[in-house]
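Trainee: I should like a close look at a single part of this protein: the packed interior and the segments that surround it. Please describe which residues meet there, taking them in a connected order.

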Amino acid sequence: EILASYSKETFHLRKILDDFINESSKSMFFITNQNNSIISQSTSKDFNFNNINHSHKLIAQITQTFEDMSNNSKIEHLILSGRNDLNLILNNLNMSQFEIKNLICISESLSANKLIWMVGQIRLKIKNLFYFNIKDKS
């Protein structure tokens, strides 16, 4: 099933991201499809958009390396800590049958450990949604 630019699936993906963004500050989370296009995104109100160009360039530069590493070594995530306390996690969701590729979380306020925990929780909710059609009741 290919996700359209807007569908009930992207609505539910956005809701999942929004639920976690509401617990965060200075953060942006997004999900990409197989073409590395953003299909769902959520940003905290205080996210520093001056970091967005730097973040997108960094993601673009490491995406191919991450794909090679995840295909060859079965690595599921990559964590980067950059300037200005910027932490970034790329997580391979392994859901190509649904045209979903990566979960990317960027934060200036959350530690790498907190982001890892959040990625695990978001990933669980996404897999529950697509594999078991379990939607949050909140």
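**The interior, starting from L103**

Mentor: Apart from neighbours within four places in sequence, L103 makes contact with L17, F30, I31, I89, L90, N91, L93, V119 and I122. The model is a predicted one, and every statement that follows should be read accordingly. L103 belongs to strand β5. Buried means a relative accessible area under 20%; L103 has 0% and is therefore buried. I38 stands 65 residues from L103 in sequence, and the C-alpha atoms of the two are 9.7 Å apart.

L103 also leads into the largest nonpolar core, which has 23 residues. Within that core, the residues with the most contacts are F29, I31, I100, L103, I122, I126 and F130. Of these, I31 and I122 also appear among the contacts of L103. Two or more residues of the core come from each of α1, β1, β4, β5 and α3. The largest contribution is that of α3, which supplies seven residues. A second core of 13 residues is separate from this one and includes I59, F66, L88 and I106.

The two helices that contribute to the larger core deserve attention next. Helix α1 covers residues 8–21 and helix α3 covers residues 112–132; they pack at an angle of about 155°, and their axes are 10 Å apart. Angles over 145 degrees count as roughly antiparallel, and α1 and α3 are therefore roughly antiparallel to each other. Their crossing is right-handed. On the side of α1, the residues in contact are E9, H12, L13, I16, L17 and F20; on the side of α3 they are M118, Q121, I122, K125, I126, L129 and F130. Sorted by character, the residues of this contact comprise nine nonpolar, two polar and two charged. L17 and I122, which take part in this helix contact, are also contacts of L103.

Q41 touches L17 as well. Q41 is in strand β2, residues 38–43, and its relative accessibility of 28% makes it partly exposed. Beyond four places in sequence, the contacts of Q41 are R14, L17, M28, F29 and F30. F29 is one of the core residues with the most contacts, and F30 is also touched by L103. S7 lies 34 residues from Q41 along the chain, with 14 Å between their C-alpha atoms.

T32 is placed in strand β1, residues 27–32. With a relative accessibility of 4%, T32 is buried. Not counting residues up to four places away, T32 touches S37, I38, I39, E99, I100, K101, N102 and I104. One of these, I100, is among the core residues with the most contacts. Another, E99, is located in the loop between β4 and β5 (100–107). E99 is partly exposed, at 26% relative accessible area, and has a positive phi of about 60° although it is not a glycine. Most residues other than glycine have a negative phi. N94, in strand β4 (residues 87–95), likewise has a positive phi, near 55°, without being a glycine. N94 is partly exposed, with 41% relative accessibility.

Finally, K26 sits in the loop between α1 and β1 and is partly exposed, with a relative accessible area of 37%. Its contacts beyond four places in sequence are S44, D46, F47, I106, S107, E108 and S109. Among these partners, I106 is a member of the second core. K26 and L129 are 103 residues apart in sequence, and 27 Å separates their C-alpha atoms; L129 is one of the α3 residues that meet α1.

Notes
Residues are numbered from 1 along each chain as its sequence is written. This is a predicted model: local features need pLDDT of at least 70, side-chain atom pairs count only at pLDDT 80 or more; totals for chains, interfaces and linings use all residues. Side-chain values use heavy atoms; hydrogens and water are left out. Axes are lines fitted to C-alpha atoms, for helices over the stretch in contact, and angles run from 0 to 180 degrees between N-to-C directions. Helices (H or I, at least four residues) and strands (E, at least two) are DSSP runs, numbered from the N terminus. Angles under 35 degrees count as roughly parallel, over 145 as roughly antiparallel, 65 to 115 as roughly perpendicular and the rest as oblique. A crossing is left-handed if the near helix is turned anticlockwise from the far one by less than a right angle, and right-handed if clockwise. Contact means heavy atoms within 4.5 Å. Ala, Val, Leu, Ile, Met, Phe, Trp, Tyr, Cys and Pro count as nonpolar, Asp, Glu, Lys and Arg as charged, and the others, Gly among them, as polar. Buried means under 20% relative accessible area, exposed over 50%, partly exposed in between (1.4 Å probe, protein chains only). A nonpolar core is a set of buried Ala, Val, Leu, Ile, Met, Phe, Trp, Tyr and Cys residues joined through side-chain atoms within 4.5 Å.
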